[in-house]
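Work through the following exercises with the model in view, and compare each step with the solution given beneath the task.

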Amino acid sequence: MSINFKELANKYQTPYYVYDFDHITKQYNELKSSFKARKSLVAYAVKANSNLSVIKHLANLGAGADCVSIGEVKRALKVGIPAYRIIFSGVGKIDSEIKEALTLGILMINVESDAELNRVEQIAKELDIVARISVRVNPNIDPKTHPYISTGLHENKFGVDIDTAKRMYIQCKNSDYLEPRGIHLHIGSQLTQLEPIKESVKIVSDLVKNLAAIKIELSFFDVGGGLGIIYDDEKLIDTNEYAQSILECLFGLDITVVCEPGRFLVGNSGVFVTKVLYEKVNGNKRFVIVDGAMNDLLRPSLYNAYHKVEVLNDNQEFNDCNLVGPVCESGDFFAKDVQLPKTQHDDLVAIYSAGAYCFTMASNYNTRGKVAEIAYEDGKDRLIRKRETFEDIIALEEEYIK
Ligand code: LLP
């Protein structure tokens, strides 16, 4: 990408996020075409980056949406993703969310426990609607990723085991208000190994075959998201091999493949740009303090995640330092023990691979407004979310001051 970060900083101030929409297009097309041998639906995992313009861009490409709250469902609908391409997942859906999802007529509700299935059945009955159901199966496979973003083991809270899933499908079949429609798995995020995905898909596809034998025929096989991206020097899963290994397991089944990538579509499109405030030395330790902070980009603090950082100046004198923000927490850092050049006030620092799970995990901690978001497409930039002001932050409190 040939984005002029400095120009954008002059125009929009710092910190900001910029997303290369052409990269998102490329990623979408690559994944979609790898499944071309089959009917497929790429349902964008909205949680990765839920800016309306980002979702709209993917909607225009033909994407569906994987949502984990009714708010995300409404975001997807708002920018034109049709209800029949929207899936609603999550371990703890609220009654009102289930009700609204049923009323909106989305593709399916992805159910994660038998207690939840009962709830959905009850609500569907009250509304006199038939709920289209998929069940999230937990295949008990180690995805070999960071424990915080691993979901496919029984020790994780997600999904149900094979036997429970089977019982749930039978309940659907016997109910007037439930229609078994799909099956779902998602073993984790930032996956860089194909083997655990293959194994999991095999386990779940065997269940689909068993269900077909008892006349429960499903139309959608949802392999979840999880494809990794480049943060450092990862070797990524080849999308054609990925699709191929899934399609092999589904041989002989008349079923549409669904995948729910989030990070893969948007992660490497994004850069967080922040500005140097000061340098200081405490004892032997050098700190470079920037105007962005953990409330803007939490992944290093929360997961000790690596993001490549680069100071945008020509200084060649590199030294060890910690790159930190102004928030009053020792955990407020972007990089520790990193070699960075000597900086000056106002030098820009780019933090890469910031398109997924960065802005969406931002907060107003320390009464810091959320930063501006910018789209870059066809060589042009445009604002897609304005910087929050102090007034925006206090808007929901002000009238209650006594
Ligand atoms: N489908 C389901 C059911 C999911 O739980 C997730 C992510 C996805 C799809 C999309 O996964 P992706 O393709 O983006 O890997 N905040 C963490 C990531 C949490 C992922 C949660 N689930 C991070 O910053 O790494």
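**Exercise 1.** Determine how far the centres of domain 1 and domain 2 are separated, taken over C-alpha atoms.

*Solution.* Begin with the division of the protein chain into domain 1 (5-16 + 268-398) and domain 2 (35-261), bounds that come from an automatic or database domain assignment. The centres of domain 1 and domain 2, taken over C-alpha atoms, then prove to be 33 Å apart. As a next step, count contacts, meaning heavy atoms within 4.5 Å: 17 residues of domain 1 touch 15 residues of domain 2 in this way.

This is a predicted model, in which local features need pLDDT of at least 70 and side-chain atom pairs count only at pLDDT 80 or more, while totals for chains, interfaces and linings use all residues. Residues are numbered from 1 along each chain as its sequence is written, and side-chain values use heavy atoms, with hydrogens and water left out.

**Exercise 2.** Explain why the ligand lies between domain 1 and domain 2.

*Solution.* Both domain 1 and domain 2 give residues to the shell around the ligand, so the ligand lies between them. That shell, drawn with a heavy-atom limit of 4 Å, holds 19 residues, of which Ser189, Glu260, Arg299, Tyr303 and Tyr357 come nearest.

**Exercise 3.** Find the polar contacts (pairs of N or O atoms within 3.5 Å) that oxygen atoms of the ligand make with Ser189, Tyr357 and Arg263.

*Solution.* Take the side chains to start with: an N or O atom of Ser189 is 2.3 Å from a ligand oxygen, and a polar side-chain atom of Tyr357 lies 2.6 Å from a ligand oxygen. Turning to the backbone, a polar atom of Arg263 is 2.8 Å from an oxygen atom of the ligand.

Conventions:
A polar contact is a pair of N or O atoms within 3.5 Å; within protein, one must be able to donate a hydrogen and the other to accept it, and residues adjacent in sequence count only if both atoms are side-chain atoms.
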